[in-house]
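User: Before we get into the labels, I'd like to know what each of them rests on. Let's have the model on screen first.

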Amino acid sequence: MSAEAIPPASPTAEPRQRVDAIRGSAREAQRAIVEAEVTGGQFLWVEACPGAGKTRVVVDRHLERPLATPRQGRAIVSFTRMAGRELRRRCDDAGSPELVSSPHFIGTLDSFIWLHLVRPYLAASEWGNRSWRRLDSWHDHPKARQRGLSLDDFVFTKKDGLRLGPAKLRNGKSNAGTGDPNRDARWAQRTHRKLFREGFFTGELLRDIALKLLSDQKRARLILDILVARFSELIVDEAQDCSDEDRRILQRLNEHGLPVLLVGDPDQAIYGFRDPSGSRGQPVVPVTAETMRLRHNWRSTQNICDAAATLRTSGHPADVAAGEHHGEDAPIMLVPMENREEAGHVRSFAAEAQRLGIPQAQRIVASNIGSALPAELTGSSRPPRTLLGRMVWAVGVLRAPGAPRKRLERAHRIVWENLLNLWCGEPGVTVEQRLERFGLTKDGLLRAEARVIDELPSLNESAEKWNTEAKRILRKHQPGSALDRPQGKLGWRIQSKDRRKHAYVIGGLSDPTITASAEVAHLSTIHQVKGEEWDAVLVIVPPAEVSTPDPITRAVESWLSQRPLTEEATEARNVLYVAATRARQLLAFALDADRIGRARAVLESHGVSCRIVHQHRADVDY
Ligand SMILES: Nc1ncnc2c1ncn2[C@@H]1O[C@H](COP(=O)(O)OP(=O)(O)OP(=O)(O)O)[C@@H](O)[C@H]1O
């Protein structure tokens, strides 16, 4: 590794009184929110910077602030299951496990809308004649996928208030399907309508149904009366990610008298792609909302807060660091990225983290797009199209040291589908439907999966041998004791030209022997690490697209030149901001070599200390 002079990583001395005063005002601002009065008819909007302790404030409010009447509950919603789990854990740790169950509700906004605004009223509605199944994503339904595309890759126009009309590929999604965009769009519209008729739907249709139900005045009164009697307030965490439909639903609840407290950070809005209806750029809350602010960051060093502020799209000044790392002076690390397939930049970062005493478990490498993560460590981000290739891909991902969470979820599902195709047949229906029909449990399926993954041969075997062995092993492990022999088939095919290739090649993966020796950090897309914090963060800035600059390229350019940006690029820059603000002690950026000098100039012009570290080539232990 070649580097400029390495400054000491020890904390700089700060007058104790100044630090105490900063922490005092940070705690005071948090307390004001814990105790704030929220009334129906007017939103309370809490605008908070990264690391401001939003989760702590929400939990403290739930633990300490009594409800209007004892039989009522408080609903706390967010956009990910992880956030709900974290809130439940913190209530448990505080010795109040009763605060996570009925009459309270802690979960995703999707489940809240489903349970309290939609499910109880569907039977009596115009769509009452089917049994409903809510999917987290269309990836979970085998008929919603075709030739590398899934219904999640499309946006659907509204027809009678429901997004069941003509389809179009989402921005940024390449036409990987038939090669004929019109044909793919027709397939998507047809399939979407058909699956909806069968009772399947995801978050977008759920919101449309909720708004349709609320559009009937008499029915709306009934739904909202029940909801307002049940809950004394609703807290929406990460409120900056609300879609236009979410905002309209919340508005209805609030107008009907439910006090609503919205907590969020507009600079961390990164889900606009879910909301192509055009609400991007609109204020998070109505201008009439009462606003409170948290501007102290308990997570990061001051140097990281200053660096993150250069990425902000709102232009707000840097936050004040108030936590235990506030005065540490590790410079921001800039690593020129020479070959993004290889992991030299990740190794440089790991070496620096090691020098600061940060263990591997506390390091994350994150990028806007999975494909910008070094393939040497993660393998291909998408499974291939063939059935055998998909299984090999899934096994490789489940065995990889640092595969991103979303990719792991997809890999699990592929293994489950193969097990169920073999043992139950009926390949056209979802995993959940087959578990139900064959009286199987998720635990049984997970046990069979664990044994299969453990016993399957190395991906260095020839594809032919792997294929034979894998079939034998899947036949050994049934997902439930009620099944005594396979009812279906795997349908794997192997072309003669591929027989002698290594299995990992068929799965579009890199050589597993390289992967195994490179356990240097967790790897993830940035969307998956939202809300988390890590001691050391490496942000991989994808290389510039010169011919047709994409939103990420435009976002990076606007950062490096500190010029204003378009709405679409705003979101891409917010994604980089989210990544940078996960760091407690060490923040690093890997960039194209020719952008390094400009990144340094931007940071230094804002008083941020940084240094350039060249790629690590040697084979060393981290
Ligand atoms: N009053 C406090 N005293 C000490 N530590 C605090 C305090 N408030 C929050 N923290 C710590 O600061 C860190 C950040 O808090 P939290 O994760 O709740 O932030 P957040 O506002 O949700 O951040 P983000 O939006 O960036 O995800 C956590 O480690 C938390 O324990």
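Analyst: Start with the layout: the centres of domain 1 and domain 4, taken over C-alpha atoms, are 41 Å apart. This is a predicted model, where local features need pLDDT of at least 70 and side-chain atom pairs count only at pLDDT 80 or more, while totals for chains, interfaces and linings use all residues. Residues are numbered from 1 along each chain as its sequence is written, and side-chain values use heavy atoms, with hydrogens and water left out.

User: How do you know where the domains begin and end?

Analyst: The bounds come from an automatic or database domain assignment. For this chain that gives domain 1 (15-116 + 215-294), domain 2 (133-198), domain 3 (304-377 + 518-612) and domain 4 (387-512).

User: What makes a stretch a helix or a strand?

Analyst: They're DSSP runs numbered from the N terminus: H or I over at least four residues for a helix, E over at least two for a strand. On that basis the chain has 22 helices and 20 strands.

User: H116 sits in helix α4. Why is H116 called buried?

Analyst: Buried means under 20% relative accessible area, exposed means over 50%, and partly exposed is in between (1.4 Å probe, protein chains only). H116 has 16%, which is under the 20% limit, so H116 is buried. Across the 622 residues of the chain, 55% get that label.

User: What does H116 touch?

Analyst: Not counting residues up to four places away in sequence, H116 touches F105, Y121, I223, L227, R230 and F231. Contact here means heavy atoms within 4.5 Å.

User: And why does R252 count as partly exposed?

Analyst: R252, in helix α8, has 28% relative accessibility; that falls between 20% and 50%, so it's partly exposed.

User: How do you know that R252 reaches L214 through a polar contact?

Analyst: A polar contact is a pair of N or O atoms within 3.5 Å; within protein, one must be able to donate a hydrogen and the other to accept it, and residues adjacent in sequence count only if both atoms are side-chain atoms. The side chain of R252 reaches the backbone oxygen of L214 at 3.1 Å, so the pair fits. R252 and L214 are 38 residues apart in sequence, with C-alpha atoms 8.4 Å apart.

User: What makes a set of residues a nonpolar core?

Analyst: It's a set of buried Ala, Val, Leu, Ile, Met, Phe, Trp, Tyr and Cys residues joined through side-chain atoms within 4.5 Å. The largest one has 44 residues, and L117, V118 and L234 have the most contacts inside it. Helix α4 supplies the largest share, eight residues.

User: Why say this core lies between domain 1 and domain 2?

Analyst: Because both domains give residues to it. Apart from this core lies another, of 40 residues, including L334 and F589.

User: How do you know which residues are near the ligand?

Analyst: The test is one heavy atom of the residue within 4 Å of the molecule. There are 14 residues around the ligand, with Q30, K54, R299, E533 and R582 coming nearest. Helix α2 (residues 54-64) gives the most to this shell, three residues.

User: What polar contacts does the ligand make with G51 and R56?

Analyst: One of its oxygen atoms is 3.0 Å from a polar backbone atom of G51. A ligand nitrogen is 3.2 Å from an N or O atom in the R56 side chain. Both distances are under the limit, so both pairs qualify.
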